[in-house]
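User: Could you take a close look at one part of this model with me?

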Amino acid sequence: MKIREIRVIVASPGRNFVTVKIVTDEGVYGIGDATVNGREKAVVSYLEDHVVPCLIDRDPMRIEDIWQYLYRGAYWRRGPITMAAISGIDTALWDIKAKVANMPLYQLLGGASRTRIMAYAHAQGRTIEDVAEAVLAKKELGYVAIRAQAGVPGFESIYGIGSARGAKNSSARIKKLPREEVWSTSKYLAHIPKVFEKLRDVVGWDMHLLHDAHHRLTPIEAARLGKDLEPYRLFWLEDPVPAELPEGYRTIRAHTTTPIALGEVFNTIWDARVVIEEQLIDYIRTTSVHAGGVTGLRRIFDFASIYNVRSACHGPTDVSPVAMGANLHVDLWVPNFGIQEYSGYTEATHEMFPHAWTQDGGFLHPGDAIGHGVDIDENLAEKYPYKRSYLPVNRLEDGTLWHW
Ligand code: EZ4
Ligand code: CO
């Protein structure tokens, strides 16, 4: 079997997605997600100009060799663009291999370790009352785990939410440039424990509550927040500090028993090595589209398993239904499964990516279709052309650029 053609499909059914389709000379094809939110075209060029020509006529069964060829062979290793391109190719190749084997992908990985996959939903609101209402609405849908994000009094945007109507910088809106938000760590730290006090009053204790600090704190601030949140028994505190300096997590760990989740922006096992090896985190958030596909994810999760770190694939709206499907196959197999993020998709997105994976209340399942079970409707994709779009940027009250 040979790779005959690789198409890179860009479409925006509500948001931009980059999808790789690998077609073989025997007619079998596979698809993979290669989306990097806000930098989509860079991955398209990486694939079309540099990767695709190298793969035509290769044997699609040699997934590991192709992974190594694209990783080591580029000389310039790691990074989100390179790794999203590798991820798209890798996921499509696993789809092909599973189709050839006539099995759902999770069977190739070692089979199911569980019957269903616990997912967590997002709930957010500007006021504490609004968050409480949003959490109750998700509970009503059957979720047993919910991430709660609240507005901080005095600020317009609910931080960390890409789609929120945020700070008014209308010129940026007109030119379609990144929206700018305003942030104060001290106001946030004073407010957020009150949010979780209220949430425990409202939903009780039989519900996993999560919170995402979205990389905005320093280690000692995160340690303080973790301590202040201990009475509310969070499932986790996510991304408290940017992890370019992973040693900073030692400070957090030394001070609080609030579990820590990290890694949605990680691309490789090396990004995750220190925090896993030193047991500084409890959940590793790498996802198939950004961490090297099924091959990369499996390697990271196996490594994490020996350090009592559990899987928690990133699953926001910008991780396409294709990567979600691949994640769910890994989730069903992975022995050290923790949880799967699921923030849902627009109707148009579900239609454009017909998928075998299913949702039942707060639980997901990859389905039993052969391959990873997700497809792309290329005719529909043509109706949703690419639209330039950015994540917001964030500034302190004095104008200093901060982490979004
Ligand atoms: O901001 O996916 O946990 N989820 C998140 C996401 C990220 C976006 C970035 O593209 O933090 O909402
Ligand atoms: Co996050």
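At what angle do helix α10 and helix α11 pack, and how far apart are their axes?

Analyst: Happy to help! This is a predicted model, where local features need pLDDT of at least 70, side-chain atom pairs count only at pLDDT 80 or more, and totals for chains, interfaces and linings use all residues. Residues are numbered from 1 along each chain as its sequence is written, chains are lettered from A and ligands numbered from 1 in the order in which they are written, and side-chain values use heavy atoms, with hydrogens and water left out.

Now to your pair. Helix α10 (residues 269–277) packs against helix α11 (residues 293–305) at an angle of about 10°, and their axes lie 10 Å apart. Helices here are DSSP runs of H or I with at least four residues, numbered from the N terminus. Axes are lines fitted to C-alpha atoms, for helices over the stretch in contact, and angles run from 0 to 180 degrees between N-to-C directions. That angle makes α10 roughly parallel to α11, a label used for angles under 35 degrees (over 145 is roughly antiparallel, 65 to 115 roughly perpendicular, and the rest oblique).

Which residues meet? From α10 come Ile269, Arg273, Ile276 and Glu277, and they meet Arg299, Ile300, Phe303 and Ala304 of α11; contact means heavy atoms within 4.5 Å. By class, the residues of this contact divide into five nonpolar, no polar and three charged. Nonpolar covers Ala, Val, Leu, Ile, Met, Phe, Trp, Tyr, Cys and Pro, charged covers Asp, Glu, Lys and Arg, and the others, Gly among them, count as polar.

For context elsewhere in the model, helix α3 (residues 80–101) packs on a sheet, touching β1, β2 and β3. That open sheet of three strands has the order β1-β2-β3, with antiparallel pairing; strands are DSSP runs of E with at least two residues, and two of them pair if DSSP finds at least two bridges between them.
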